[in-house]
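Student: I have a new model open. Could you show me how to read it?

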Amino acid sequence: MKLLRRTVLLHISLLIAALWSCKRDAQWEGQEPVKKVSTETVPIQLQYRGCFDLGAGIYMSNEFEGARLNGVARTNDTLITVLITAENSPINMSPWYAFKLWSDDPREIYIKLTYPKDASHRYHPKVSPDGMNWLALDSASFRVTMKLIEDEQTAKDLTMKLSVGPDTVWVAAQEIITSEQLDQWMSRLETRSYVKRDTIGISHEGRPVSLLKIGESDDQRMIMVISRQHPPEVPGFLAMQAFVETLCADTELAEAFRSKYNTYVVPMANPDGVYHGHWRHNRGGVDLNRDWEDFNQPETSAIRDFMMQLTRSTGGKFYFGVDFHSTQEDIYYTIGPELEGNMPGLVPELIEATAQEFPDYTPNIKPRSEKDARITSTAFLFFEFGAEALTYEIGDHTPRDFIQRKGKVSAMKLMELMLK
Ligand SMILES: [Zn+2]
């Protein structure tokens, strides 16, 4: 009997090992081809913001920028059930949540995150004592409920165990990075003489679409950087920060680059979506990364108008453009290799040179196909300006120190290649 059990166990572990290696070898194929959709403004549902007294001395709040908490109830003495809903639908499945909680007395409680019937769980919880410093919640402290939906195991909800007390605990889908924090970051960079800051437009709700200009060249050669069209995609934003900081650095390479190329950065293309804790859309209820052909939204129009006006007034060219996002795993969406822009070969060379610095890392590259509609930022950067364009996607759970290093190395390799 003992022997039988041991054999069964051995088989199970071999099976797990085999499945695991399959999983690691198979590269994720990325998203389906992007399709044209209407980007006309549509209504969204705003969340009620407030501080919720749940009884038994427990409180929750969504009164802060980036919060998302659509409903909450104390189910029993130790369990709180939270409802997280999207701003409107149809929508990509990226359910963002963020709230804070505290209690009169120290205690352990369970919080169950629930979503509407057609939605699934995606982001595992991060916690913070101050809304600034974040840690991923230990995997032993939460459990995801899986359900078989249309033959696929789907994450339906998540229950986490937390220790709470009079000091506030912040809980969120990813690190919360608000426009206020963005402002501080830009102000720090702006202390350098070669960094200037501007506003190129305003969002539906009147928030600035901010721009950084890095460099001291004559605008004949330029690069464009975009980030945070999709509010929950914080890992992409973190990569963008490392990338931009490297372009601003006090190094010989960066200095040489800045004397030849000017870099323009829109670090938060969807400030209203970030404020409201949206899953994906802007205040107009639209996926901004489907609006780069029709330009029905103020945020995309602002970026287009800025780039058009700049190239028209200077006669300069954009040689490279990158838009930072995040998704299930790291992936690069590129323009088909048969299409040549202002610096042919730059993007494949950049990906290759970056990968060489990380021996255990195989880049996942997916060129956009003819089936893709030309409605994304990278299609716009390439087809309108000839900029060699790249969608730089970071995985939701990619370790933060790796994001930093990859963002930095990408910028260094880009500068080296573009100065060649
Ligand atoms: Zn995205």
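Tutor: We will take overall form, cores, the metal site and some backbone details in turn. This is a predicted model: local features need pLDDT of at least 70, side-chain atom pairs count only at pLDDT 80 or more, and totals for chains, interfaces and linings use all residues. Residues are numbered from 1 along each chain as its sequence is written, and side-chain values use heavy atoms, with hydrogens and water left out.

Student: How many helices and strands are there in the protein?

Tutor: Helices (H or I, at least four residues) and strands (E, at least two) are DSSP runs, numbered from the N terminus. Here the protein has nine helices and 19 strands. Its radius of gyration is 23 Å, close to the 22 Å of the globule rule for 420 residues, so the protein is as compact as a globular protein of that length. That radius is taken over C-alpha atoms, and the rule is 2.2 Å times the number of residues to the power 0.38.

Student: Which residues touch the most other members of the largest nonpolar core?

Tutor: A nonpolar core is a set of buried Ala, Val, Leu, Ile, Met, Phe, Trp, Tyr and Cys residues joined through side-chain atoms within 4.5 Å. Buried means under 20% relative accessible area, exposed over 50%, partly exposed in between (1.4 Å probe, protein chains only). In the largest core, of 82 residues, they are Phe99, Leu101, Ile111, Phe243, Val244 and Phe320. Helix α3 gives the most to this core, eight residues.

Student: Which atoms coordinate the zinc ion?

Tutor: Donors are N, O and S atoms within 2.8 Å of the metal (3.2 Å for Na, K and Ca); water is not among the atoms, so sites may look incomplete. Here His230 and His325 each give ND1, and Glu233 gives OE twice, at 2.1 to 2.5 Å. Glu233 sits in the loop between β14 (221-227) and α3 (234-247), while His325 is in strand β16 (residues 317-327), 92 residues away. Both Glu233 and His325 are buried.

Student: What about unusual backbone?

Tutor: Most residues other than glycine have a negative phi, and most peptide bonds are trans. Ser89 and Pro90 are joined by a cis peptide bond, with omega about 0 degrees. Asp151 has a positive phi, near 65 degrees, and Asp219 has one of about 65 degrees.

Student: Are these two aspartates buried or exposed?

Tutor: Asp151 counts as exposed, at 75% relative accessibility. Asp219 counts as buried, at 10%.
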